[in-house]
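User: I would like to go through this structure in questions and answers, with the reasoning spelled out each time.

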Amino acid sequence: MKLRKRIICCMLVFAMLLCNNAVITFAESCNGTGTETEGDFIYDKRGNEISITKYTGSDANVMIPEELEDCPVVSISYNVFKDDDKIETIVMPDTIREIGAEAFANCTNLTDIVLSDKLQIIDAKAFQNCSQLQTIDLPEGLIITGSDVFSGSALTEITFPRTFKDGRNVLRGSSVEKVTFTDGTTKVPDFICSSARCIKAVELPETVTEIGTCAFDGCTSLETITLPEKLSFIGGYCFRNSGITSIKIPSALTEGAGAFQDSVWLRQYYLPEWKIFRTACFSRQKNWKRCQFRIL
């Protein structure tokens with residue numbers, strides 16, 4: 001990822017040197033706190049940290065500065081690049097920790113973005129309707145996202161780092177078909193993929209011991225998933241209304257009440273002895289008479 005960032009940075013610098021109106025210049029220091037302007041960026045200085053609040057440039061390729069007024073740029077506020085249909089590439093410095101709500105929403109020509117390695121928070125709808133954005137690398141260290149972050153984007157695959165802890169309906173309205181959780185992940189967060197109707201495949205590492213409430217609720221295209229052998233807890237309604245047709249329950253599972261409620265396509269259960277009664281995984285299942293149960 002760092003090599004990719006260096007390559008893109010070099011390409012952007014070269015492109016800027018070719019065209020005078022593509023060069024982002026920064027003034028000398030500004031005095032005071034509050035809203036300030038330097039080059040194509042309007043920003044707030046809070047203590048010794050900078051938050052970018054608006055971009056006024058017209059460049060296709062944008063490099064967000066690492067510092068302004070000799071202070072680190074730590075956040076991109078809400079709506080900063082919203083509706084900018086000229087931007088094609090964004091490179092963030094590793095000082096950025098937070099991306100605000102709808103920061104890049106409706107950037108319909110954005111094709112490539114390099115996120116900060118220190119990014120921790122992405123707020124709601126940050127990349128909504130980025131219809132040309134096909135890939136994104138979420139950095140190790142990302143902790144939380146808002147809802148509908150990638151709705152309307154062109155992403156088909158995404159990988160969540162093991163540090164990720166909280167995010168509701170992150171992929172709702174997106175075209176993501178494959179979701180991967182990195183090795184070292186112990187819990188799949190509540191609601192993380194809820195209502196993501198395009199998901200067809202989910203890869204869980206063997207380190208996962210818990211899947212949160214409604215994690216895959218409403219994933220109607222999800223037909224199969226392999227549950228890790230060490231999985232001991234499945235939250236309520238985890239796979240409700242999913243497209244799963246068969247499931248193998250791991251022997252370590254001790255809790256999973258209502259996990260598969262209303263999964264009308266679920267026909268085959270592979271069970272370790274009497275787990276079905278002990279966990280009540282299939283409580284409120286409506287298609288009992290058409291199901292097959294096999295003891296492993």
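The exchange below takes up strand pairing, salt bridges and cysteines in turn.

User: What kind of model is this, and how many salt bridges does a search of the whole structure find?

Analyst: This is a predicted model, and the values discussed here were computed from it. A pair counts as a salt bridge when a side-chain nitrogen of Lys or Arg lies within 4 Å of a carboxyl oxygen of Asp or Glu. Searched in this way, the whole structure gives a count of eleven.

User: Which residue forms a salt bridge with Arg97, and in which strand does that partner lie?

Analyst: Arg97 sits in the loop between β7 (89-91) and β8 (98-99), and its partner is 48 residues apart from it, so that the pair links distant parts of the chain. The closest N and O atoms are 3.2 Å apart. Arg97 counts as partly exposed at 34% relative accessibility, and the partner is partly exposed as well, with a relative accessible area of 32%. That partner is Glu49, in strand β3.

User: With which strands does β6 pair in the parallel sense?

Analyst: Strand β6 covers residues 71-76, and its pairing with β3 runs over three bridges, with Ile50 standing opposite Val73. A further parallel pairing of β6 is made over two bridges, and here Ser75 has Glu98 as its bridge partner. The strands asked for are therefore β3 and β8.

User: Which residue in the turn between β5 and β6 has a positive phi?

Analyst: Strand β5 (residues 67-68) is joined to β6 by two bridges, and the two strands run antiparallel, with Leu68 standing opposite Cys71. Together they form a hairpin with two residues between the strands. The residue in that turn with a positive phi, of about 55°, is Glu69.

User: How many of the six residues of β6 are buried?

Analyst: A residue counts as buried when its relative accessible area is under 20%. Judged by that cut-off, strand β6 is mostly covered, and the number of its six residues that are buried is five.

User: Which strand is joined to both β12 and β16?

Analyst: Strand β12 (residues 157-160) is joined by four bridges to a parallel partner at residues 178-181, and Glu157 stands opposite Lys178 of that partner. The partner is in turn joined by three bridges to strand β16 (residues 201-203), again running parallel. Lys178 stands opposite Ala201 in β16, as it stands opposite Glu157 on the β12 side. The strand joined to both is β14.

User: Which strands stand at the edges of the open sheet that contains β17?

Analyst: This open sheet of three strands has the order β15-β17-β18, with parallel pairing. Strand β17 (residues 210-211) pairs with β18 over two bridges, and Glu210 stands opposite Phe233. Each edge strand has a single partner strand, so one side of each is left without a neighbour in the sheet. The strands at the edges are β15 (187-188) and β18 (233-234).

User: Which residues are linked with Lys187 in a network of salt bridges?

Analyst: The side chain of Lys187 meets that of Asp190 in a salt bridge at 3.7 Å, N to O, and that of Glu210 in a salt bridge at 3.6 Å. Because Glu210 lies in strand β17 and Lys187 in strand β15, this latter pair ties together parts that are 23 residues apart in sequence. Lys187 is partly exposed at 33%, and so are Asp190 at 26% and Glu210 at 26% relative accessibility. The residues linked with Lys187 in the network are Asp190 and Glu210.

User: How many disulfides are there, given the distances to the nearest cysteine sulfur for Cys193 and Cys238?

Analyst: A disulfide requires a pair of cysteine sulfur atoms within 2.5 Å. For Cys193 the nearest cysteine sulfur is that of Cys219, 5.7 Å away, while for Cys238 it is that of Cys214, 8.0 Å away, so neither residue meets the cut-off. Cys193 is buried, with a relative accessible area of 0%, and Cys238 also counts as buried at 0%. The number of disulfides is zero.

Methods
Residues are numbered from 1 along each chain as its sequence is written. This is a predicted model: local features need pLDDT of at least 70, side-chain atom pairs count only at pLDDT 80 or more; totals for chains, interfaces and linings use all residues. Side-chain values use heavy atoms; hydrogens and water are left out. Buried means under 20% relative accessible area, exposed over 50%, partly exposed in between (1.4 Å probe, protein chains only). Two strands pair if DSSP finds at least two bridges between them.
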